Each structure stands twice: as structure tokens, then as C-alpha cells.
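Let's take a walk around a ligand and the space that holds it. Keep the 3D view open and follow along.

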Amino acid sequence: MSFNNSTYLNAIYRKPVPYTPIWIMRQAGRYLPEYRELRAKHDFLTVCKTPELAAEVTLQPLRRFDFDAAILFSDILVIPEAMGMKLEFLENHGPKLSPRIEDEHSIKQLTSDHLEERLEYVAGAIKVLVQELNRQKPLIGFSGSPFTLATYMIEGKPTRNFKFIKSLMYREPEVLQSLLQALADAVTRYLKMQIEAGVQAVQIFDTWGGIIPIHHYETFSGQYLRQIVQNLSSHQVPVTLFSKGGLNILIQLVDSGADMLGVDWMTDMYEARMAVSDRAALQGNLDPTVLYGSKEIISREVKRILEAFDGESGHVFNLGHGILPDIPVDNVKHLVHEVREKSRR
Ligand code: 1CP
């Protein structure tokens, strides 16, 4: 499948681009009225598991904004569900996985048998999207990182202090590592399945990697990301690693073989570029809450981030984390316009 003219893919490979491409994390979702309308009729997991609905929601933001890539609509937590856990999305409380993983015994209850079959609906959505997108825009597939998936499996729900996973990390590191290895294998298979179904790029969300003390990062997250990237290298699609953990983690991941690294909003983009140099492209990193600001503030912050690249390729504009559910759609329109116009070569 050739994409001769993808600004997004060319920027990742640091080839010349006419402007800096943009997409935004969680670009399909609750800030869009048409998403809320569809969700009023179907619950979240039904949307994920019905290829036509997942494809429809993936396309919604592309009809409104001139984004340079589509991202498959799904959730990172479909892997733990496919491995045997019960997954629910409770209105206003976020995801719940049960019973939570507590020890070696509960890890042994998990299974990766028939993973591809259990996640076949994801390949189904990708196939619908490949037809619909008709090579006009690349489709990004994704997965959670082993560590980020493990946080939800061990905590059971969103958490502030990560008490259960961090106590397992210190009390029984080898037990946690056996889970992380099983997840690394599952994530690799899952991403291969997505690539074979037709995605042109993949991104791994290591959203919670930053809660690991940096001297333990390699042991509990870095080594598994490295393994996954290496095992995907024969598949010839670019891999992006997104971690919310600042410059320290970027430096750890720069030799992982990833084509692009995601930069969170707490990190200065110029410093990130200096640290990474020409070893990977960078994605990011507008503070998501800037989109609550005025048009002037959005324009000013866009300009500051673009200046970190001095007109050079190797940058995909994005937020430093997902868009918040109550952001005005007009501000997103302004953001896309500003990135396009201010970065035109
Ligand atoms: O009510 C609803 O409609 C559900 C809200 C929602 C949405 C729109 C959830 C529940 N997941 C999603 C979609 C989703 N999740 C995408 C879609 C593609 C896109 O447009 O970007 C993606 C890529 C994700 C990934 C995801 N899910 C991550 C990693 C990225 C990140 O933002 O850090 C994580 C941590 C999750 C877990 C999750 N699923 C849903 C929520 C609300 C959460 C976060 C829970 C928490 O705060 O810990």
C-alpha cells in the first residue's frame, strides 16, 4: 500500500513536507457533538466492537477538521478484556477491570490464546476504514504499553497514587515482570494484526510510564517497548512511542528504534529536539488546556512550538496528551488552521 503524498508519514521519516502535519490524541471523542449523539444510542464498548460504528467515529473528526491522519477508534483496554478480564465503562467513572490482578495466581488465569480472534472486530474496523479513507489519509493503529495496561489490570480502575502496581513492583518485581512479558507478547501480536489489516503507522501509549522512578524505567517499561519495536521492525510501518514522563524518558527511548517519540506538554520542545537530535522525529506538545484559551493564546503557543523546529521536517504537531471532553470545537478549527498557515514552507 503506497502513500506517496502523506505529510504525516513524510514528517516521521524527516523528508521534506509542505507544512507541519497535525492530528490530535483523542481526536474522536466526547468534545464532538456528533460523537455524543452517536454515544447516546450505543454504549462505548458496542461502538468499539461494531466495525461500522468504530469506523464512523474514526471519520467524524476528519469531516470537520483537516487533520493529516486518522486514528482508529478503540481503547487500550480491549487487550486485558481479550485476555479474560471483565471490562466495563461506567458513566462518569471511567474504565473498570475486574477482578483486579493481585498475584501470580491471577496472572496465570489470563490467557493469550486466540487473541487475534477475540480482537477480530478491530481488524474489521480497520478494513472498513482502509476502504473509506481510500489512501487519502493514513490510518494510525495503537496499543497501550505493557506497563500502562498493567496499571489498569492491577489497580482495576483509574488511580491517583498507583498503590497496588507500585507495591507489587517493589515487593515482587519478578511477578510484575511475568505479567509485563505476557503483555509485551500480546501487544506485539495485536499490533501485527492491525498492520496486516491495513494501518499505515502505529503508536504505543506509555501514558503511565512516567510514574516509575527513572532508574527503574528500563526494567518495568523501557525493555518491553524496545522488544515490541524490534519485533515490529520487519513490518515496515513507523512506530511512535508516547510517554508522559518528560525529557528523562525521551533520552531513555531515543535508542529504542522507534521512528517518532511523543512529547508531553510539561517538556520544552526545543530542549526535547536538542536531546533527541536526528535520532527520531518528535510529536507534540501543546498543553491540552491551551484550547480553553482565546484564539490569540492558541496562535501564540502554536508559534512557540513550531519555532523549536526552525522550519525543519521531523515534527508532527499534536497535543501533549489527549483533548479534554469540553473543548470548544471552534478552537480546534483555529488550532488546525494556525498550524497549517504558520508552518507553510
Ligand atoms: O464515554 C466515552 O465515550 C468514553 C471515553 C473514551 C474514549 C473516547 C474512552 C474511555 N476511550 C476513548 C477512546 C480512546 N482511548 C482512543 C481513541 C482514538 C482517538 O481518537 O485518539 C484512544 C487512542 C484511547 C487510548 C487510551 N485509553 C489511553 C491512552 C491514551 C491517553 O489518553 O493517555 C488510556 C489511558 C485509556 C484508558 C481510558 N479509556 C477511557 C478513559 C476515560 C480512559 C482514561 C482513564 C483514566 O483517566 O485513567
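Before we start, one convention: a residue counts as near the ligand if one of its heavy atoms lies within 4 Å of it. Bear in mind, too, that this is a predicted model.

With that cut-off, 22 residues surround the ligand, and the closest are Arg 26, Tyr 35, Asp 75, Tyr 152 and His 321. What does this shell look like by class? It has 14 nonpolar, four polar and four charged residues.

Now zoom in on the oxygen atoms of the ligand. Arg 26 comes in through its backbone: an N or O atom there lies 2.7 Å from a ligand oxygen. Gln 27 also uses a backbone N or O atom, at 3.2 Å from an oxygen of the ligand. With His 321, it's a polar side-chain atom that lies 2.6 Å from a ligand oxygen. As for cover, the protein takes up 87% of the 900 Å² of accessible area that the ligand has on its own.

Pull back a little, and where does the ligand sit? You'll find it in the largest pocket. That pocket holds about 1,500 Å³ of space. Its lining is made up of 46 residues, with Arg 26, Arg 30, Asp 75, Pro 95 and Tyr 152 nearest the centre. Helix H2 (33-41), strand E2 (86-90), strand E3 (94-98) and helix H9 (146-155) are the elements that each give two or more residues to this lining. Sorted by class, the lining of the largest pocket has 25 nonpolar, 12 polar and nine charged residues.

Notes
Residues are numbered from 1 along each chain as its sequence is written. This is a predicted model: local features need pLDDT of at least 70, side-chain atom pairs count only at pLDDT 80 or more; totals for chains, interfaces and linings use all residues. Side-chain values use heavy atoms; hydrogens and water are left out. A polar contact is a pair of N or O atoms within 3.5 Å; within protein, one must be able to donate a hydrogen and the other to accept it, and residues adjacent in sequence count only if both atoms are side-chain atoms. Accessible areas come from the Shrake-Rupley method with a 1.4 Å probe; for residues, only the protein chains shown count as cover. On a 1 Å grid over the protein atoms alone, a cavity is a set of points where a 1.4 Å probe fits but cannot get out, and a pocket is an open set with protein on both sides within 12 Å along at least five of seven lines; lining residues have an atom within 4 Å of a point. A molecule sits in a cavity or pocket if more than half of its atoms lie within 2 Å of its grid points. Ala, Val, Leu, Ile, Met, Phe, Trp, Tyr, Cys and Pro count as nonpolar, Asp, Glu, Lys and Arg as charged, and the others, Gly among them, as polar. Grid points are joined across faces, edges and corners, and a volume is the space filled by probe spheres set on the points. Helices (H or I, at least four residues) and strands (E, at least two) are DSSP runs, numbered from the N terminus.
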